[in-house]
Amino acid sequence: MPEAASLMDKVVSLCKRRGYVYPASEIYGGLNSCWDYGPLGVELKRRVKEAWWRSMVHDRDDVVGLDSAILQSPLVWKASGHIEGFTDPMVDCRACKHRFRADHVEGSRCPDCGGELTEPRKFNLMFKTFLGAVEDDASVVYLRPETAQGIFVNFLNVLASSRKRPPFGIAQIGKSFRNEITPGNFVFRTREFEQMEMEYFTPPEQATRWFEYWRKERFDWYARLGVRPERLRMRDHRKDELAHYARACTDVEYEFPFGWSELEGIADRGSFDLERHSEASGENLKVFVEETKTHYTPFVIEPAAGVDRAALTFLVDAYDEDVAQGETRVVLRFHPRLAPITVAILPLVKKEGMPEKAREIERELRRRFTTFYDESAAIGRRYRRQDEVGTPYCVTVDGETMKEDTVTLRERDSMAQERIPVRDLVGSVEGRIEGWRRAGARG
Ligand code: GAP
């Protein structure tokens, strides 16, 4: 395996080369810390989101979905505390004018030129824009810095229309925007990113139990999708680092090449948000209990993850190099459910009816899996290309296929090849996906 520092460079370069992630606006020199996802990157992100939605919404009966607007009334951000408190302390260098997060520099001298720094000032991280044709103070709106508030302000709507009662959750996936002072580390911290958040509303006395439940569930989700458990850990926030709304918070952290960093936060937000919105809007956001004829404000447990950070984790964790037949092989050992291409179909040669047969097999497989057809270059080269983008299975059509209706099924991880009848192909691939375990992984 490559050294940590070069691992990150190798992943970034593979992403560009093979169409996972490109620098945004590249033909104009790029835009600082903005990235575009290419043909394979967009597929990876879709699979990450699909896996999250399946486990958080479809596989359970106590969570429903929502897709709220990015632009909300500014009153939402006033009530939530974001206009007042969603700030980072910032310092400027009086000499070179560079700007830093106050908590990222030591002492009062500029890390770039040694100049004197200003006193820390609060810098609000929300992007501002204008609604409508007039650009004045009255038309200022904000791009949402989290998807969570769209959920809180729809609490009554969902309660009334879905007939759910706590404990239940509302899940949402969507873009959020933060004018970060120090973005960086590829797609780890950017100013435009996607979040996967779920607000779980519970009677106050059950909050601790659900907090424990969601901590474990969210940690296990990454491990179930093949992330090496030894590179995952949970870290509880100290009281002095808790966000203004949180009673408790645990981060799921991953050991990135640049160190252990937050992948996802699971917070106990208590009744903070519903109470603030209730006060500010005048709406009663309490739940009525039929048996006791009493009202209460639910507590909220929130698992909040980032799509881009999760995708980066899966990419970095999957990256591997080994030596096969005297050559270094780059391979992305993705869980088959995350791999952008599940099966590649490769005719051994471009003649003797093999391309036609391969196309026919591909049509059949395409009904169940994402496929890729490739007839160019030597077969070994085509296998390497698929290894490098993380395709778990390759099907090769050769002379025997034409005679006996069998194909070779090659596995990315072990490179083992097995001869199987074409009619068994779908079942065989499905069985392998189901039984997939990361080589060397426990459990
Ligand atoms: N609603 C709670 C909330 O937004 P957060 O810890 O600020 O909590 C949740 O964000 C997740 O969103 C983070 O764990 C991270 O995965 C992702 N995220 C936050 N800021 C990000 C950024 N600037 N770039 C990429 N992902 C980010």
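Strand 13 (259–270) makes the largest contribution to the shell around the ligand, giving five residues, where strands (E, at least two residues) and helices (H or I, at least four residues) are DSSP runs numbered from the N terminus. The model is a predicted one, in which local features need pLDDT of at least 70 and side-chain atom pairs count only at pLDDT 80 or more, whereas totals for chains, interfaces and linings use all residues. Residues are numbered from 1 along each chain as its sequence is written, and side-chain values use heavy atoms, with hydrogens and water left out.

The ligand is surrounded by 21 residues, of which the closest are Glu146, Glu180, Thr190, Glu197 and Glu262; a residue is taken as near a molecule if one of its heavy atoms lies within 4 Å of it. Polar contacts, defined as pairs of N or O atoms within 3.5 Å (within protein, one atom must be able to donate a hydrogen and the other to accept it, and residues adjacent in sequence count only if both atoms are side-chain atoms), involve both side chains and backbone of the protein. An N or O atom in the side chain of Glu262 is 2.5 Å from an oxygen atom of the ligand, and an N or O atom in the side chain of Glu302 is 2.9 Å from a nitrogen atom of the ligand. A polar backbone atom of Gly306 is 3.0 Å from an oxygen atom of the ligand. Taken alone the ligand exposes 550 Å², and the protein buries 91% of that area, as computed by the Shrake-Rupley method with a 1.4 Å probe; for residues, only the protein chains shown count as cover.

The ligand sits in the largest pocket, in the sense that more than half of its atoms lie within 2 Å of the grid points of that pocket. On a 1 Å grid over the protein atoms alone, a pocket is an open set of points with protein on both sides within 12 Å along at least five of seven lines, whereas a cavity is a set of points where a 1.4 Å probe fits but cannot get out; lining residues have an atom within 4 Å of a point. Two or more residues of the shell around the ligand come from each of strand 10 (192–202), strand 13 (259–270) and strand 16 (299–306).

These three strands belong to an open sheet of seven strands with mixed pairing and the order 3-9-10-16-13-12-11, two strands being paired if DSSP finds at least two bridges between them. Strand 3 (63–65) and strand 11 (232–236) form the edges, each pairing on one side only, and the twist averages 25° from one strand to the next, with axes fitted as lines to C-alpha atoms (for helices over the stretch in contact) and angles running from 0 to 180 degrees between N-to-C directions. Strand 12 (248–256) pairs with strand 13 in the antiparallel sense over nine bridges, and Glu253 has Glu262 in strand 13 as its bridge partner.

A further open sheet, of three strands, has antiparallel pairing and the order 5-4-6, with strand 5 (99–101) and strand 6 (121–124) at its edges. Strand 4 (87–92) and strand 6 are antiparallel and share four bridges, and Met90 is partnered by Arg121 in strand 6. Lys97, in the loop between strand 4 and strand 5, has a positive phi near 70°.
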